[in-house]
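Colleague: Please take a close look at the aromatic rings in this model, and then set them against the rest of the chain. I would like one connected account, with burial and position given for each residue where you have them.

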Amino acid sequence: MHKYYSALALLLFVMFQSSCKKDKEALTCRLSTWEVSGQTYYYTYNSQGFVERMSVSNSSSYIVYTQSGNLLTSQAYDSTGTAIGTPAVRQVNADGYYSMIPGSSDTTYLTYNAAGQLLTYVRRNDTIISQSTFTYENGDMVKAISLKSDSSISSIATYDHYTDRVNNTNLNVSIDLLEPRYGKPNRHLLKSSTTSNSSGNIDFNTFYYEFDENGNPVSLQLIRQPGNDISNLKFTYGCE
């Protein structure tokens, strides 16, 4: 799984009622766009609430996601609608979340807890290459432990959340923004994270948000330490 920033795929190791104002415990709004470093990602959704098309502002190509049974196919197309390259096929579970992701040299297997949140992430071929386990409290991810192939600890991450800010969207900054099929997002918005690795290095990440009238985050500033690296993201939503 990629690291956080490029696609905000994994952090440290980056949605359905009738109104965004109704049930603050329900997922009501879905990301329409998110922007970082002047580049904008656009989404449209299928009737099940999963992304069916994704495009990027600096490219005329786009990706279409099609599910048939437990197989999800993603295919890139150019501006004329001509397919580009070979489609990627992944397996999903009954909830539509990734269960198996084939790679060029290994395969990733994912499991989820009863709430539909990511529980384990294992890369393996003939043997296990790496594995991660995730722990939750009150619907929020509080710890992630990553192990090496010999089962020794590679890194440990702990997470804190804004418990007064319920996440009513499909925004999932802990796992993935580009393809939200890595399980149900945290119940509350992520506030900070701390990661220590086997080399003794410690990284800190702090998250600051601005909100719209529905309480949905429309901007996020991520500050990473050490280094004082700052990322600014913007979000728009479609609400039902």
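Modeller: A residue counts as buried when its relative accessible area is under 20%, as exposed when the value is over 50%, and as partly exposed in between. The model is predicted, and the values that follow are computed from it.

First, the setting. The protein chain has 1 helix and 16 strands. Of its 240 residues, 44% are buried. Its accessible surface is about 11,800 Å², and carbon and sulfur atoms account for 48% of that area.

Now the rings. There are 8 aromatic pairs in the structure. One of them joins tryptophan 34 and tyrosine 41: the ring centres are 4.6 Å apart and the planes meet at 15 degrees, which makes the pair stacked because that angle is under 30 degrees. Tryptophan 34 has a relative accessibility of 0% and is therefore buried. Its partner, tyrosine 41, is also buried, at 8%.

Tyrosine 162 and tyrosine 209 form another pair, with centres 5.8 Å apart and planes at 80 degrees; the angle is over 60 degrees, so this pair is edge-to-face. Tyrosine 162 belongs to strand E12 (residues 153-166) and tyrosine 209 to strand E14 (residues 202-211), so the contact between the rings ties together parts that are 47 residues apart in sequence. With a relative accessible area of 12%, tyrosine 209 falls under the 20% limit and is therefore buried.

Ring pairs also link Phe50, Tyr97 and Tyr112 into a cluster.

Two tyrosine rings have an arginine over them. Arginine 30 lies over the face of tyrosine 45, 5.6 Å from the ring centre. Arginine 53 has its charged end over the ring of tyrosine 62, at 3.7 Å from the centre.

The backbone is worth a look as well. Most residues other than glycine have a negative phi, and most peptide bonds are trans. Serine 37 is not a glycine, yet its phi is positive, at about 55 degrees. This serine is in the loop between strand E1 (29-36) and strand E2 (39-45). At 61% relative accessibility, serine 37 is over the 50% limit and so counts as exposed.

A second loop, between strand E15 (217-225) and strand E16 (229-239), contains proline 226. The peptide bond from glutamine 225 to proline 226 is cis, with omega at about 0 degrees. Asparagine 228 is in the loop between E15 and E16 too. Asparagine 228 has a positive phi of about 50 degrees, although it is not a glycine. Its relative accessible area is 47%, between the two limits, so asparagine 228 is partly exposed.

Last, a residue within a strand. Serine 130 is part of strand E10 (residues 128-137). At 19%, its relative accessible area is under the 20% limit, so serine 130 is buried. Apart from neighbours within four places in sequence, serine 130 is in contact with Tyr121, Val122, Arg123 and Leu147.

Technical notes:
Residues are numbered from 1 along each chain as its sequence is written. This is a predicted model: local features need pLDDT of at least 70, side-chain atom pairs count only at pLDDT 80 or more; totals for chains, interfaces and linings use all residues. Side-chain values use heavy atoms; hydrogens and water are left out. Helices (H or I, at least four residues) and strands (E, at least two) are DSSP runs, numbered from the N terminus. Buried means under 20% relative accessible area, exposed over 50%, partly exposed in between (1.4 Å probe, protein chains only). Contact means heavy atoms within 4.5 Å. Accessible areas come from the Shrake-Rupley method with a 1.4 Å probe; for residues, only the protein chains shown count as cover. Rings of Phe, Tyr and Trp (its six-membered ring) pair if their centres lie within 6.5 Å; planes under 30 degrees apart count as stacked, over 60 as edge-to-face and the rest as tilted. A charge sits over a ring if NZ of Lys or CZ of Arg is within 6 Å of the ring centre and within 35 degrees of the ring normal.
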